[in-house]
Amino acid sequence: MSLRAIRGRLLTFLRAPQGAGDAQSYSYHHDGVVLVADGRVDALGPTAELMARIPPGTPIDHHPDALILPGFIDPHIHFPQTQVIASYGAQLLEWLEKYTFVEEQKFADPAHAARNAEFFLDELARNGTTTACAYCTAHPASAEALFSAAHKRNTGMIAGNSVMNRNAPPGLLAPAATAIADSRDLIRRWHGTGRQRYAVTPRFAITSTGDQLAALGALLKEFPTVLMQTHLDENVNEIAAIKNLFPDDASYTAVYARFGLLGPRSLMGHCIHLTDDEIALLRDTRSVAVFCPTSNLFIGSGLFDYQRLKTAGVRIALATDVGGGTSYSMLRTAAEAYKVMQLQGQNLPALAAFDLMTRGNAAALGLDGEIGTIAPGAFADLVVLDARATPAMAHRMEVARNLEEELFVLMTLGDDRAVRQTYIAGEPALNEERTSVALSSEIT
Ligand code: GUN
Ligand code: ZN
């Protein structure tokens with residue numbers, strides 16, 4: 001059995017915080033240890049109690065002063081958009097045509113896909129993200145590249161090839177039959193292979209005919225543990241186009257409902273311009289609304305109304321949406337979520353943000369218990385955070401009074417520089433730990 005102990009300030013959430021100061025929502029050990037056996041959490045607790053149970057010779061990674069949390073989870077990101085991020089001056093439909101579809105066509109080349117898969121996974125790890133739910137392109141080689149790279153690293157990814165059969169360049173389209181055959185083949189090869197999972201991925205209703213959406217709905221039914229990801233109500237011109245393409249449906253959400261694409265495994269990206277009826281549809285089907293703040297601000301799509309959806313009982317996740325989103329960092333994403341909410345007179349307590357990035361997003365993906373918490377049996381996917389990573393952070397931290405304030409400093413000022421180490425199934429994923437104080441030592 002392979003053992004490792006990871007020591008520091010342990011923080012993991014038990015349930016969604018009910019507001020700032022909800023100390024019952026999390027478990028915290030000021031000096032704690034996670035004992036990892038064969039990639040999973042075997043035990044955790046105060047160092048003084050647990051040390052006696054750790055077999056002699058077990059390597060100990062000690063991160064004094066750092067916070068150890070479950071690795072971040074990014075439930076909406078585009079693997080083929082690592083060279084689309086930071087594209088200037090357009091809103092959604094023009095942005096897709098001018099930049100996104102151009103880059104995505106390059107993923108027909110398996111070598112390009114493979115190189116980008118390594119970059120993508122490196123960048124996620126640098127930012128402390130240990131699981132992501134990713135869109136690939138229509139080329140099966142793109143999903144294949146991402147899955148095989150993730151499988152080699154033993155990092156749990158969810159991915160699917162973006163299916164389109166209209167309103168995009170011919171190089172990105174696949175007729176319904178081919179798209180379904182490709183998706184089914186990828187599901188058989190990768191869904192449940194190691195830590196990999198598949199998500200059926202209609203890009204959005206603009207780029208699929210009703211026939212193709214129906215076939216994807218049937219595919220989702222055929223595989224009851226496969227997830228589904230798509231975009232919904234992101235941009236007003238997108239919604240107008242949907243009205244023209246599906247004139248008989250009451251709403252954009254109703255289109256997805258008609259084709260069997262809503263449900264507890266369905267991740268609906270953006271959900272900004274929803275009517276009350278659409279919100280009721282999402283709630284009643286237990287679908288997840290995915291809040292992508294950096295993207296919504298950057299592409300100028302609008303403000304996600306977190307409180308309205310939460311009050312209505314809609315499940316909510318938080319994601320980067322790179323490359324419409326502008327940062328791979330879930331910390332930056334939480335900072336922008338906070339600002340989007342401030343603009344609407346709402347608040348995002350640091351506890352709620354960190355819960356969302358970890359346990360909450362895992363629950364949205366139906367993976368609670370496996371990832372998102374530090375708990376016996378869960379994968380030891382961890383992020384080690386340093387709230388004093390930059391001069392501005394260290395200076396601000398001089399007057400921080402408690403854990404919650406430290407978390408707020410991390411989410412407001414932090415980024416990849418605050419990530420000292422990322423563990424994937426108990427193994428360090430970063431070659432160089434960004435620190436001068438963390439030490440690896442051995443118990444003798
Ligand atoms: N809607 C359809 N495709 C996309 C995409 O790639 N990014 C975003 N933000 N919205 C979309
Ligand atoms: Zn997206």
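Let me begin with the zinc ion, ligand 2, whose donor residues are spaced H-x1-H-x152-H-x89-D in sequence, donors being N, O and S atoms within 2.8 Å of the metal (3.2 Å for Na, K and Ca), with water not among the atoms, so sites may look incomplete. Before going on, I should say that this is a predicted model, in which local features need pLDDT of at least 70 and side-chain atom pairs count only at pLDDT 80 or more, while totals for chains, interfaces and linings use all residues. Residues are numbered from 1 along each chain as its sequence is written, chains are lettered from A and ligands numbered from 1 in the order in which they are written, and side-chain values use heavy atoms, leaving out hydrogens and water.

The zinc ion is coordinated by NE2 of His76, His78 and His231 and by OD of Asp321, at 2.0 to 2.3 Å. What is the geometry of the site? The angles among the four donor atoms run from 89 to 165°, and the site is irregular; four donors would count as tetrahedral if all angles lay between 85 and 135 degrees, or as square planar if opposite donors were over 155 degrees apart and all others between 65 and 115. The site also links distant parts of the chain, since histidine 76 lies in strand 5 and histidine 231 in strand 9, 155 residues apart, where strands are DSSP runs of E of at least two residues and helices runs of H or I of at least four, numbered from the N terminus. Both histidine 76 and histidine 231 are buried, that is, under 20% relative accessible area with a 1.4 Å probe, protein chains only.

Turning to the sheet, we have eight strands in an open arrangement, ordered 5-6-7-8-9-10-11-12, with parallel pairing, and two strands pair if DSSP finds at least two bridges between them. Its edges are strand 5 (72-78) and strand 12 (315-318), each of which pairs on one side only.

Strand 5 pairs with strand 6 in the parallel sense over five bridges, and histidine 78, one of the zinc donors, stands opposite tyrosine 135 in strand 6. Tyrosine 135 in turn stands opposite glycine 160 in strand 7, and from strand 6 the chain crosses through helix 4 (residues 140-153) to strand 7 in a right-handed β-α-β crossover, meaning that, with the strands pointing away from the viewer, the path from the first strand over the helix to the second runs clockwise. As for strand 6 itself, eight of its eight residues are buried.

Terms used:
Tetrahedral: all angles 85-135°; square planar, octahedral: opposite > 155°, others 65-115°. Buried < 20%, exposed > 50% of the residue type's maximum accessible area, 1.4 Å probe, protein only.
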